Amino acid sequence: MVDPEDLAREFERAFGRSPRLYRAPGRVNLIGEHTDYNDGFVMPMALDRSTWVAAAPRDDRTIVARSREYGETMTIDAGTQRPQRPQGRHWVDYVRGVSAVLSDVARPFHPSTRSGCPEPVEGQGREIRGADLLIASDVPIGAGLSSSAALEVACGYALLDLANRPIDLVQLARACQRAEHEYAGTRCGLMDQMIACYGREGHALMLDTRTLERRWLPLPSTLRVLVCNTMVKHQLASGEYNARRADCEAGVRVLAQRFPGIRALRDATLAQLDAVRGELSDQIYRRCGHVIAENARVEAAARALGDADFETFGRLMDDSHRSLRDDYEVSCAELDAMVAIARGLGGVYGARMTGGGFGGCAIAVVDASAVDRASREIEERYESASGLRPDVWVCSAGEGVSAWRLAEALHHGEALHHGEALHHGEALHHGEALHHGGHGGHGGRAL
Ligand code: GAF
């Protein structure tokens, strides 16, 4: 786990002054996979693990970013010009992407991503300042837990706050999504960035990715969510993710010709899909079928959770996994093995892969009374089935992005949640916008 006080001290040693601290969480998605770029529904929860950024402003336009995990220090320009093509998936590409997008909204979108990132980042077009950043994370990287969105959102929040600009979380999430499209080359939806912004302790988020309407669903204390890392790294940018999105868009084009009201798979029914089946390849038919059915599953799962009907919730998770495995084809042998093992254990309501797929993590929703045993059994059985030692842990739903106040003498740090402003040492609620007038930032106070 990252110790924020330790991180602040490391920053002081490296950069010779006191930082402010920020953090944004990784996530698991309970249900609603590959629906977010189809205007659909998702139900993620933020992890209680985060990417942390210790940050202090510079007088020039340079960003000096150091990653504890990678042991690298990189120097970039805060307003780097948009690349002709995505740069890659090096950690600094995410920092570069976020700083460039936040600095610049005047230029048109990258043509290949025009449809994916609907709005410019209004009101955030002024250039951001240079900064020294020290980044550390306890979100496993490449495990489908959205470590990249956590990095983008934590850095974006830090850079906006250092520039003393008001922070609108929806705009921040969109800016980070756009950075992912243009700088990392993944045409992702908005789920990961939104949950990194809007996670709430003890709750899953029911998000409508078309309207961005948000509903926080309390997770009952009798349920546990087990995260089961297959230890197979996912390769989201391998082209498979973008290929799935292209298949969905191809399906929508055909559906829209027959049913003009359809703008996205969110608008289609299985009956409508069947009506145009003859005009679709089998692959596109199955891809679209997954998305349409998955959207309905998310809505049903939200109802089941509200009714404390965990059997139904679990069955919907199982159905989701089958559909992702057989029709969307984003699972892999290790994920299937993990899910099958979890599903065979007492007290497990449901299990499925989570995130983009092709490796990474499965999740199991388990009765609290059975969780220790289930977790041990999963570890043992998965290791003997695959030869890989998995990482299995119980996660609780954590908070979205926040600034972190270090108390005097670096003791008893506490989160300053978004929507709160620090005023005479007190947290005050200020609706959605956070604007810190005048920063402490020195002498052991981070804000
Ligand atoms: C990845 C993407 F980044 C998300 O936008 C989402 O599409 C997810 O895969 C699949 O549901 O995490």
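## Helix packing, single residues and a ligand shell in a predicted model

Glu-380 is exposed, since the number of other C-beta atoms within 10 Å is 12, and a residue counts as exposed if that number is 12 or fewer. This residue belongs to helix H11, and its C-alpha atom is 10.0 Å from that of Ile-341, although the two residues are 39 apart in sequence. The model described here is predicted, and the sections below go from the whole protein to its helix pairs, then to three further residues and the ligand.

### The protein as a whole

The protein has 447 residues, and buried residues make up 51% of them. Its secondary structure includes 11 helices and 16 strands. If one takes the contacts between residues at least 6 apart in sequence, 70% of these contacts join residues that are at least 24 apart.

### Three pairs of helices

The table sets out the crossing of each helix pair described in this report.

| Helix pair | Crossing angle | Axes | Handedness |
|---|---|---|---|
| H10 and H11 | roughly 140° | within 10 Å | right-handed |
| H8 and H9 | roughly 165° | within 9 Å | left-handed |
| H3 and H4 | about 120° | 10 Å apart | right-handed |

Helix H10 covers residues 333-343 and helix H11 covers residues 371-386, and their axes cross at roughly 140°. H10 and H11 are therefore oblique to each other, because an angle has to be over 145 degrees to count as roughly antiparallel. On the side of H10 the contact is made by Glu-334, Ala-337, Met-338, Ile-341 and Ala-342, while H11 contributes Ile-378, Arg-381, Tyr-382, Ala-385 and Ser-386. Sorted by kind, the residues of this contact between H10 and H11 are 7 nonpolar, 1 polar and 2 charged. Ile-341, one of the contact residues of H10, is also the residue whose C-alpha atom lies 10.0 Å from that of Glu-380.

How are helix H8 and helix H9 placed, with axes that cross at roughly 165°? That angle makes H8 roughly antiparallel to H9. H8 runs over residues 282-306 and H9 over residues 310-326, and their crossing is left-handed. In H8 the residues that take part are His-290, Ala-293, Glu-294, Arg-297, Ala-300, Ala-301, Ala-304 and Leu-305, and they meet Thr-312, Phe-313, Leu-316, Asp-319, Ser-320, Ser-323 and Leu-324 in H9. The contact of H8 with H9 divides into 8 nonpolar, 4 polar and 3 charged residues.

Helices H3 and H4 pack at an angle of about 120°, and they are therefore oblique to each other. From H3, the residues Ser-148, Ala-149, Glu-152, Val-153, Gly-156, Tyr-157 and Leu-160 meet Leu-172, Ala-175, Cys-176, Ala-179, Glu-180 and Ala-184 in H4. In this contact of H3 with H4 there are 9 nonpolar, 2 polar and 2 charged residues.

### Three single residues

Asn-164 is found in the loop between helix H3 (147-162) and helix H4 (169-184). Its phi is positive, at about 65°, although Asn-164 is not a glycine. Asn-164 counts as partly exposed, with 13 C-beta neighbours inside 10 Å.

Met-231 also has a positive phi, near 70°, and is a residue other than glycine. The loop that holds Met-231 lies between strand S9 (223-229) and helix H6 (240-258). Is Met-231 buried or partly exposed, with 19 other C-beta atoms within 10 Å? Met-231 is partly exposed, because a buried residue needs 20 or more such atoms.

Val-64 lies in strand S4, which spans residues 62-67. With 17 other C-beta atoms within 10 Å, Val-64 is partly exposed. Leaving aside residues up to four places away in sequence, Val-64 touches Thr-73, Thr-75 and Asp-132. The C-alpha atoms of Val-64 and Leu-134 are separated by 8.5 Å, although these residues stand 70 apart along the chain.

### Around the ligand

Which residues are around the ligand? They are Asn-29, Glu-33, His-34, Asp-36, Tyr-37, Ser-146, Cys-188, Gly-189, Met-191, Asp-192, Gly-355 and Gly-356. By kind, the residues of this shell around the ligand divide into 3 nonpolar, 6 polar and 3 charged.

Conventions: Residues are numbered from 1 along each chain as its sequence is written. This is a predicted model: local features need pLDDT of at least 70, side-chain atom pairs count only at pLDDT 80 or more; totals for chains, interfaces and linings use all residues. A residue is near a molecule or strand if its C-beta atom, placed from the backbone, lies within 6 Å of it. Ala, Val, Leu, Ile, Met, Phe, Trp, Tyr, Cys and Pro count as nonpolar, Asp, Glu, Lys and Arg as charged, and the others, Gly among them, as polar. Axes are lines fitted to C-alpha atoms, for helices over the stretch in contact, and angles run from 0 to 180 degrees between N-to-C directions. Helices (H or I, at least four residues) and strands (E, at least two) are DSSP runs, numbered from the N terminus. Angles under 35 degrees count as roughly parallel, over 145 as roughly antiparallel, 65 to 115 as roughly perpendicular and the rest as oblique. A crossing is left-handed if the near helix is turned anticlockwise from the far one by less than a right angle, and right-handed if clockwise. Two residues are in contact if their C-beta atoms, placed from the backbone, lie within 7 Å.
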